[in-house]
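Thanks for asking me to look this one over. My notes are below, in the order I would talk them through with you at the bench.

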Amino acid sequence: MLKTMTTLVTDAASAIPKMPSALTFEIRARCSITKARASVLRLPHGPIETPIFMPVATQASLKGLTPEQLEAAGCRLCLNNTYHLGLKPGQAVLNKVGGAHKLQSWNHNILTDSGGFQMVSLLELATVTEKGVEFLSPHDGTPMLLTPEHSIDLQHSIGSDIIMQLDDVIVTTSPDDARMREAMLRSVRWLDRCIAEHMKPDALNPSATYAERQNLFCIIQGGLDLDMRRECAEAMVARDTPGIAIGGLSGGEEKDKYCAVVKACTDVLPEGKPRYVMGVGYPEDLIVSIALGADMFDCVWGTRTARFGNAITSGGVLNLRNAKYANDFGPVDPDCNCIICSPQDSPARPPLNNSLSTPSYADTNYSAKGLGISRAYIHHLAAKETAGAHLLTMHNVAYLLNLMNKAKQAVIEDRYPQFLKDTFGKWYNGDKEQFPKWAVDALRGVGVDLLED
Amino acid sequence: MTVSEDIEASVHPDNSDISATHHSAMFSFKLLTTSPQAVTTGARLGQLITRAGKIQTPNFIAPSSRGVVPHLSQDNLRDHTKIPGVYVATEDFIEKPLPSIFDQPELSQHNNNTSDPATVPAGRLRAFTSHPTTSFQLLAPRRCPPVPAPATNTDHSIGILTSVGFRTLEVNDYHKMISHLAPDAAVGIVDIPAHAPGKARREKMVERVESWFGALLRVRNGSGEAGGAGRAPVPILAPVLPVDAEIQRLYFDFLEENEEKIAGLAVYDDQVAMDLPEGLQSMVRVLMRDCGTPQKVLEAVERGTDLFTAVFPNEATDAGIALDFCFPVENSKTGQDEPVYTKDTQQVIVGAVRKQLGWNFWDNERYQTDLKPLAEGCECYACKKHHRAFVAHLLNAKEMTAWVLLQIHNMHVVERFFEGVRGSIEKGTFEQDCEVFKRVYEDEMPNKTGEGPRLRGYQFKTTAGPRKNAKVFGKFTRPGGDRTEKLGEADLPPDMGTVKMEDIGFAEKKV
């Protein structure tokens, strides 16, 4: 086994050309107790600050929102899904239109996944071979194939600022160690194929490669086996991608195992690169993962749950469809200053942080002034009028971005442990008994005792 | 507990001293001029002053659903449209035994933080719905258009539909709601049966409406019950029924006698309004039925309609149609789709195809790489910031943002249309402009081929008829579990054939 790894690492050093980076990552502060970091990540479409949460605009729009509503929430980096954009509008259209930024009039950053995850999860007949992900066309059963090269090619057409390698994803809870190992090793081999594809001359600028305008991130696999994760991390770090993702999580594994994997990975990762934990998550996951040294997150939960009438607030998640909110005329979250929670026509709030580029609506009628929406009114609209979902989606996105910004501020002021205690305290109304054990344990591992005053 | 008892119980005595501006300042209508062509056309210009601002007429208000204009969150409504007002249905708010809107503080700190109660419109309806302060709200008993209710109307109640089902609304309860919710104006309750009424039934309709409206006026001006102590009463529009004016003659006499108590007329058939007695002629006429097409709107303007409740723009939006017409017809911007017209707009080139009133964006193939605005030259947010390819993609992907952008655009087109109508009346060219419009444009909206957004909720309930939502493509699942829930946003498997999949570059055929 070790021999295989050594070969993989050596291969990287010798055969794979050095890949340029289209980002800079500047760490501004580190927590003196936990592994949390605060940084400025400069991407082709402008800077962002980490820790960051990236909302998921699956098919080039965030569920009923206009790009400017997303900007007003403080977002400058969102996700699109390669699987979905590959189907609709399709690569040919993306090429003609000039990529996803033009398609959705979003002049900020986009990150795309590889499409492999959706393919394996959604297409029941998908199988993974060395060539790529094979699946049967659901219409006529024709065997089809998504290769690492094709995934990268699709992401070139999309033009996203951060692109992800195609990896061999299997659920972390899979009991089959041999299959897990195969997937990990294959993911490393596929990374090499992705890099080779990414180093091809840019169709729009043949004197340069795609790597000069898009950042390819590797994805560490290895299930819940920490040694396998470390091994994979070592091989991938040797490939020197501009950023590093930890994949295969958020698939229903136990939370303490999740935390162990994140920590094991960040322990061996270089300091100077952004670390992205894919598919996470809930507000608690986010602030614990930051303490474990992660920088970037994405998850559909916050926006999906909004459509079911759930508001993420500083006092926890509230199901506003519950009858008890029918007569609650206060704001969705009294501690929130988003457009939904601010009083009607109150001035637009200042930008989330100083790095944010000017929003596109600066020269339009869009005022981003407060709307003064009450819990009772969301209750009245929930699941009956889509505008209710739009409003709550805007709030939930703003809440998560705000939370990340507060976390960043706490790191800069070196009071992250206190921030953790305060935030958990509010979510659970001061009842420490209710704090999830996994979070308490994980944070103990990085020097914070949530239960102490 | 009956609804009326609920209302009594929920009135907050401590709020009853809130004063409002004088009635006349709160709602008044002034006919600016009738058309210079008044001999042949009844088109007229006016100005309606409401608590929420001035509305130049002819103009339109948009029907709302549960207090929102469909697809438009309040920021988009406020910042990206100039819709002067909305139509609000009482039946959207009273599904619970104790409707929460009744408990809404009239001036909530949260909703009206910065406002001065003397200048900003207040009232529970506005506070509850966080409706933009510069947009007018007209309260009526039922949605526009209403879903036929199976319950027959009685001498003291009408059948309505709430989100939890059909029920009846007591006329007296509606009258109490008017004063309790304090909208900017309200429409008197009408008795309109679901099916075409016979002669006896028509007479019954008039009899009831006169009696109900009389009761409303008494409540309003009597003991102060409806207005509340010290509060100016809510401006009331008197219904004009969709039956021959002759049958309504006595009722019209009654309205004339009470002319100073009536803020305007809610007209259910604008043909009837042409036969209004002299004393009611100068009142604002709000048309309570949809016209369906701009041509029909123009005809109603010619018959003296001042304010329209326009349903057709929203219907176009739901159908994925971007409206594209202007009034008066401009010398055409040439485009591939559009025939050319001569400088003299009276002379449409013989044989030229008539212009479509809008474009069906479900026709995805046609627009998928088209980076032009939805309608060329349009200044709305959707057209200035986005393009056809995006809207076509969003519709194809059934993303909600498609309908948001189309709604912003369609409202803008209709706003501009009414601006054009007013300008044309002012110039005295309205009649000719109408003629040209009718010659240049198709008579009907483009065919609605798309499925539209998934229609949810009670407002789409019908007593019979085809299912509203087509069956979605069956998911490809293994027995024992549908994993899509876990994936959340993730969509169905590729809904297309293999050749197509290769064609668009999604994946390649395995060799």
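The points that follow go through annotated sites, cysteines, aromatic rings and domains, and please keep in mind that this is a predicted model.

1. **The annotated site in chain A.** Let's begin with what the record says. The unreviewed UniProt entry gives "binding site" for Asp113(A), Ser114(A), Gly115(A), Gly116(A), Phe117(A), Asp167(A), Gln221(A) and Gly248(A). Two of these residues, Phe117(A) and Gly248(A), are taken up in the next point.

2. **Phe117(A) and Gly248(A).** Phe117(A) belongs to helix H5 of chain A, which covers residues 116-122. Its relative accessible area is 43%, so Phe117(A) is partly exposed. Gly248(A) sits instead in a loop of chain A, between strand S14 (243-246) and helix H9 (255-268). Gly248(A) has 17% relative accessibility and therefore counts as buried, the cut-off being under 20%. Beyond its neighbours within four places in sequence, Gly248(A) touches Val169(A), Thr172(A), Gln221(A), Arg229(A) and Glu253(A). Gln221(A), one of those contacts, is also on the UniProt list for the site.

3. **The annotated site in chain B.** Here too the entry is unreviewed: UniProt places "binding site" on Cys378(B), Cys380(B), Cys383(B) and His409(B). These residues span 32 residues in sequence, but no two of their C-alpha atoms are more than 8.3 Å apart, so they gather at one spot.

4. **Surroundings of Cys380(B) and Cys383(B).** Cys380(B) is in the loop that runs between helix H11 (364-367) and helix H12 (381-385) of chain B, and Cys383(B) is in helix H12 itself. Are these two cysteines buried or exposed? Cys380(B) is buried, at a relative accessible area of 2%, and Cys383(B) is buried at 6%. Setting aside neighbours within four places in sequence, Cys380(B) contacts Ile408(B), His409(B) and His412(B). With those neighbours again left out, Cys383(B) contacts Pro373(B), Leu374(B), Ala375(B), Cys378(B) and His409(B). His409(B) thus appears in the contacts of Cys380(B) and in those of Cys383(B).

5. **Disulfides.** How many disulfides does a search of the whole structure find? The count over all chains is zero. In chain B, the cysteine sulfur closest to that of Cys380(B) is in Cys378(B), 3.7 Å away, which is too far for a bond, because a disulfide needs the two sulfur atoms within 2.5 Å. Chain A offers another case: the sulfur of Cys341(A) has its closest cysteine sulfur in Cys338(A), at 3.8 Å, again too far for a bond. Cys341(A) is buried, with 5% relative accessibility.

6. **Aromatic pairs.** Over all chains, the search finds 24 aromatic pairs. In one of them, the ring centres of Phe27(B) and Phe136(B) lie 6.2 Å apart with the planes at 40°, so this pair is tilted. The pair joins distant parts of the chain, since Phe27(B) is in strand S1 (residues 27-34) and Phe136(B) is in strand S6 (residues 136-140) of chain B, 109 residues apart. Phe27(B) is buried at 6% relative accessibility, and Phe136(B) is buried at 2%. Phe437(B) and Tyr441(B) make another tilted pair, with centres 4.5 Å apart and planes at 35°. Both of these residues are buried.

7. **An aromatic cluster.** Phe437(B) and Tyr441(B) also belong to one aromatic cluster, together with Phe60(B), Phe308(B), Phe325(B), Phe327(B), Phe417(B), Phe418(B) and Phe430(B).

8. **Two domains in chain B.** Chain B is split into domain 1 (3-310) and domain 2 (321-446). Between them, 33 residues of domain 1 contact 30 residues of domain 2. The two domains bury about 2,700 Å² between them, with 71% of it on carbon and sulfur atoms.

9. **Helix H9 of chain B.** This helix covers residues 294-302, and its buried residues are Pro294(B), Gln295(B), Val297(B), Leu298(B), Ala300(B) and Val301(B). Residues three or four places apart in an α-helix point the same way, because there are 3.6 residues a turn. The buried residues of H9(B) pack against helix H8 (270-273), strand S12 (284-287), strand S13 (307-309), helix H10 (312-318), helix H14 (401-427) and helix H15 (430-440) of chain B. After H9(B) comes Gly304(B), with a positive phi near 95°.

Conventions
Residues are numbered from 1 along each chain as its sequence is written. Chains are lettered from A and ligands numbered from 1 in the order in which they are written. This is a predicted model: local features need pLDDT of at least 70, side-chain atom pairs count only at pLDDT 80 or more; totals for chains, interfaces and linings use all residues. Side-chain values use heavy atoms; hydrogens and water are left out. UniProt positions are given in the numbering used here, feature names are shortened, and annotations may be inferred rather than shown by experiment. Helices (H or I, at least four residues) and strands (E, at least two) are DSSP runs, numbered from the N terminus. Buried means under 20% relative accessible area, exposed over 50%, partly exposed in between (1.4 Å probe, protein chains only). Contact means heavy atoms within 4.5 Å. Rings of Phe, Tyr and Trp (its six-membered ring) pair if their centres lie within 6.5 Å; planes under 30 degrees apart count as stacked, over 60 as edge-to-face and the rest as tilted. Domain bounds come from an automatic or database domain assignment. Buried area is the accessible area (1.4 Å probe) that two parts lose on being put together, summed over both.
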